[in-house]
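Open your viewer, switch on the cartoon view and keep the sequence panel handy. We'll go stop by stop, with something to select each time.

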Amino acid sequence: MKHIRRWMSGAAVGLAACLAGCGGGSSKSSDPTTFKAIFQETPIPVVSNDPTANTAGAWPDDIRSDGDGNIWFAQHHSNEIGRMTRGGVYTGFKIPTPQSLMDGIVVDKTRRVVWASETNTNKLARVDMATGTVTELTLPNPNTVPGDLVTAPDGSIWFTEGYEGGTAKGKIARLDPDTNSITELTPPNNPSGCDGIEVAASGAVWFVENNDNSIARYFQGQFTTFALPRNGVDPTNVAIDSQGRIWVTEQLGN
């Protein structure tokens, strides 16, 4: 079975303590190098139900915290959204459509719901955290491949669409979680594939155009594209740090 991993520090249990000791933030300790990273693997009690999978297991993918000590993760092969408590208790929420091939996930802490992308079914899945009810939302255009998701400061959900109709035509989309209405936006260069996405405090949306070797920004109705300095690096995910700087992983650029 596939596993998820939980970080602990040698002095105190908690992600923040470990990251501080590992150089990920400030620490009150005079010697942050005394912290140690101890891995604890927690098995997921699910086997694959995807007949195309070449290995058994849930195949956990994207992962998020809900702020209450639980973590939620998309399970690509077992067609579930998983929740693991701090004590290691697992609950799986089955997706109604089979072989949905879950990918990205995000937690809407205000509305107490979890959204995840179904890359094989042109849908988003929604879990009500209070009741455990799972519903699905079909995207406007057929054969769309939704990818990463993120919450914006105004409460909306943004996500990338890597392909449409079997062709690599990347888009970004905005979901209004109160009405379930979706607005799709196509960058002017019609990029061949979009992947990671983040929203800045200003509301600016940053996303990766992986096959076009660039990142892009959408703000107040305008797109701006930034080509990366080296060709063929395959940008994949994007993050924004506390100083507003944009970080991007280059999967093939090392």
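Start with an open sheet of four strands, in the order E15-E16-E17-E18 with antiparallel pairing. Look at its two edges: strand E15 (197–199) and strand E18 (222–227) each have a single partner strand, so one side of each has no neighbour in the sheet. From one strand to the next, the twist averages 20 degrees. Keep in mind as you turn things around that this is a predicted model.

Now select the middle of that sheet. Strand E16 (residues 205–209) and strand E17 (residues 214–219) run antiparallel and are joined by five bridges. Show Trp206 as sticks and look across: which residue in E17 stands opposite? That's Arg217. While you have sticks on, here's a handy rule for reading any sheet: in a regular strand, side chains alternate between the two faces.

**Zooming out**

Time for the whole protein. How many helices and strands are there in the protein? There are one helix and 20 strands. Buried residues make up 43% of the 254 residues. Switch on a surface, and you're looking at about 12700 Å² of accessible area, 50% of which belongs to carbon and sulfur atoms. Among contacts with a separation of 6 or more, 38% are between residues 24 or more positions apart.

**Into the core**

Hide the surface again and select Trp72, Ile81, Ile95, Met102, Ile105, Val114 and Val127. These touch the most other members of the largest nonpolar core, which has 14 residues. Strand E4 (71–75), strand E7 (102–108), strand E8 (113–118) and strand E9 (123–128) are the elements that give two or more residues to this core. The largest share comes from E7, with three residues.

Centre the view on Val114. Leaving aside residues up to four places away in sequence, Val114 touches Trp72, Ile81, Ile105, Val106, Val107, Ala125, Arg126, Val127 and Met129.

**Along E4, E5 and E6**

Next, colour strand E5 (residues 80–84). Is E5 largely enclosed or largely open? Four of its five residues are buried, so E5 is largely enclosed by the rest of the structure.

E5 pairs on two occasions along our route. With E4, the pairing is antiparallel over five bridges, and you can spot Ile71 standing opposite Met84 in E5. The hairpin of E4 and E5 has four residues between the strands, and Asn79 there takes a positive phi near 60 degrees.

Then follow the chain on to strand E6 (residues 90–94), which pairs with E5 in the antiparallel sense, again over five bridges. Find Glu80: Lys94 in E6 is the residue opposite. This hairpin has five residues between its strands, and in the turn Gly88 has a positive phi of about 90 degrees.

**Two loops with a positive phi**

Select Gln99, in the loop between E6 and E7. Gln99 is not a glycine, yet its phi is positive, about 50 degrees. Its relative accessible area is 33%, which makes Gln99 partly exposed.

Now jump to Arg112, in the loop between E7 and E8. Arg112 is another residue other than glycine with a positive phi, here near 60 degrees. How exposed is Arg112? With 31% relative accessibility, Arg112 counts as partly exposed.

**A buried loop residue**

Head back along the chain to Ile44, in the loop between strand E2 (37–43) and strand E3 (60–65). Is Ile44 buried or exposed? Ile44 is at 0% relative accessibility, so it counts as buried. Add Pro60 to the selection and draw a distance between the two C-alpha atoms: Ile44 and Pro60 are 16 residues apart in sequence and 8.8 Å apart in space.

**Last stop: Glu184**

Finish at Glu184 in strand E14 (residues 181–185). What joins the side chains of Glu184 and Asn141? There's a polar contact of 2.4 Å between them. Now show the surroundings of Glu184: not counting residues up to four places away in sequence, it touches Pro140, Asn141, Thr144, Glu161, Lys171, Ile172 and Ala173.

Technical notes: Residues are numbered from 1 along each chain as its sequence is written. This is a predicted model: local features need pLDDT of at least 70, side-chain atom pairs count only at pLDDT 80 or more; totals for chains, interfaces and linings use all residues. Side-chain values use heavy atoms; hydrogens and water are left out. Buried means under 20% relative accessible area, exposed over 50%, partly exposed in between (1.4 Å probe, protein chains only). Contact means heavy atoms within 4.5 Å. Accessible areas come from the Shrake-Rupley method with a 1.4 Å probe; for residues, only the protein chains shown count as cover. A nonpolar core is a set of buried Ala, Val, Leu, Ile, Met, Phe, Trp, Tyr and Cys residues joined through side-chain atoms within 4.5 Å. Two strands pair if DSSP finds at least two bridges between them. Axes are lines fitted to C-alpha atoms, for helices over the stretch in contact, and angles run from 0 to 180 degrees between N-to-C directions. A polar contact is a pair of N or O atoms within 3.5 Å; within protein, one must be able to donate a hydrogen and the other to accept it, and residues adjacent in sequence count only if both atoms are side-chain atoms.
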